[in-house]
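Reader: I would like to go through this model by question and answer. Please give the reasoning briefly and finish each reply on the item asked for.

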Amino acid sequence: MASAPKDKAAKPASSSRVDQQMIRDLADLLNETGLTEIEWSEGPLKVRVTKAGTPVYAAAPVAAAAAAAAVAAAGGAPAASDDASHPGAVKSPMVGTVYTAPEPGAAAFIKIGDSVNAGQTVLIVEAMKTMNPITAPKGGRVARILIENQQPVEFGQPLLIIE
């Protein structure tokens with residue numbers, strides 16, 4: 001009878017059991033998207049997978065932000081921090097990789113100066129191998145495109161400005 005408690009102690013409860021294949025899939029997703037951290041939870045189980053080191057793409061946004069700040073200081077366009085509060089900002093609804101065209105080699109959905117209608121697809125954000133169309137929340141003219149094709153994006157990051 002002493003073996004029953006021993007078996008229970010050796011076997012973790014199903015709610016706290018970690019699925020190793022899921023962790024491998026999350027790690028693969030980090031590599032595919034260029035992200036450095038991803039978190040997943042279900043009930044009491046929470047898994048966070050992180051990758052050490054600085055991502056390669058981190059240098060580009062810093063340089064772009066410095067250039068935008070220099071332009072703003074010279075009296076040009078507003079700094080990148082103002083883009084998020086712009087009334088025509090189209091923000092990423094999720095973390096993922098942004099695509100400016102429907103498929104490789106195809107023409108971009110939009111370019112600066114194009115007129116767009118509310119509901120028109122302007123970009124795609126891939127998240128967890130799902131292509132999510134990003135639509136224009138209002139009609140207007142594309143004033144600025146703040147991202148590049150295949151760039152990793154964060155939730156709430158401004159992608160473009162429609163005026």
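Reader: What relative accessibility does Arg 141 have, and is the residue buried, partly exposed or exposed?
Author: This is a predicted model, and the classes rest on computed areas, with buried meaning under 20% and exposed over 50%. Arg 141 falls between these limits and counts as partly exposed, at a relative accessibility of 37%.

Reader: With which residue does the side chain of Arg 141 meet in a salt bridge?
Author: Side chains of opposite charge can pair when their charged atoms come close. For Arg 141 the N to O distance in the salt bridge is 3.4 Å, and the other side chain is that of Glu 163.

Reader: How many residues apart in sequence are the parts that Arg 141 and Glu 163 tie together?
Author: Arg 141 belongs to strand S8, while Glu 163 sits in the segment after strand S10 (158–162). Glu 163 is partly exposed, at 47% relative accessible area. Because the two residues lie in these separate parts, the pair ties together parts whose separation in sequence is 22 residues.

Reader: Which residues does Gly 113 touch, not counting those up to four places away in sequence?
Author: Gly 113 is located in the loop between strand S4 (96–99) and strand S5 (115–116). Gly 113 counts as partly exposed, at 40% relative accessibility. With residues up to four places away left out, Gly 113 touches Arg 141 and Val 142.

Reader: How far apart in space are Gly 113 and Glu 163, C-alpha to C-alpha?
Author: In sequence, 50 residues separate Gly 113 from Glu 163. In space, their C-alpha to C-alpha distance is 9.9 Å.

Reader: Which residue meets Asp 114 in a salt bridge, and is that residue buried or exposed?
Author: The salt bridge of Asp 114 has an N to O distance of 3.7 Å, and the other side chain is that of Lys 111. Asp 114 counts as partly exposed, at 22% relative accessibility. Lys 111, at 55%, counts as exposed.

Reader: Which elements does the salt bridge of Asp 83 and Arg 144 tie together?
Author: The structure holds three salt bridges, and in the one between Asp 83 and Arg 144 the closest N and O atoms are 3.2 Å apart. Asp 83 is buried, with a relative accessible area of 7%. The pair ties together parts that are 61 residues apart in sequence, because Asp 83 lies in helix H4 (residues 80–83) and Arg 144 in strand S8 (residues 140–145).

Reader: Why is strand S6 described as largely enclosed?
Author: Strand S6 covers residues 121–127. It is largely enclosed by the rest of the structure because, of its seven residues, the number buried is six.

Reader: Which residue in S7 is the bridge partner of Ile 124?
Author: S4 and S6 run antiparallel and are joined by three bridges, with Val 98 having Val 125 as its bridge partner in S6. S6 also pairs with strand S7 (residues 130–135), in the antiparallel sense and over six bridges. In S7, the bridge partner of Ile 124 is Pro 133.

Reader: Which residue takes a positive phi in the hairpin of S6 and S7?
Author: Two residues lie between the strands of this hairpin. The positive phi, near 55°, belongs to Met 128.

Reader: Where does the pLDDT stay under 50 or fall below 50?
Author: The chain averages a pLDDT of 76, and 71% of the residues score at least 70. One stretch under 50 is residues 1–16, with three contacts beyond four places in sequence in the model. Another stretch, with 14 contacts beyond near neighbours in sequence, is residues 54–78.

Key. Residues numbered from 1 in each chain as written. Predicted model: local features only at pLDDT ≥ 70, side-chain atom pairs only at ≥ 80, totals over all residues. Heavy atoms only, no water. pLDDT = per-residue confidence, 0-100. Contact = heavy atoms within 4.5 Å. Helix = DSSP H or I, 4+ residues; strand = E, 2+ residues; numbered from the N terminus. Buried < 20%, exposed > 50% of the residue type's maximum accessible area, 1.4 Å probe, protein only. Pairing = 2+ DSSP bridges. Salt bridge = Lys/Arg side-chain N within 4 Å of Asp/Glu carboxyl O.
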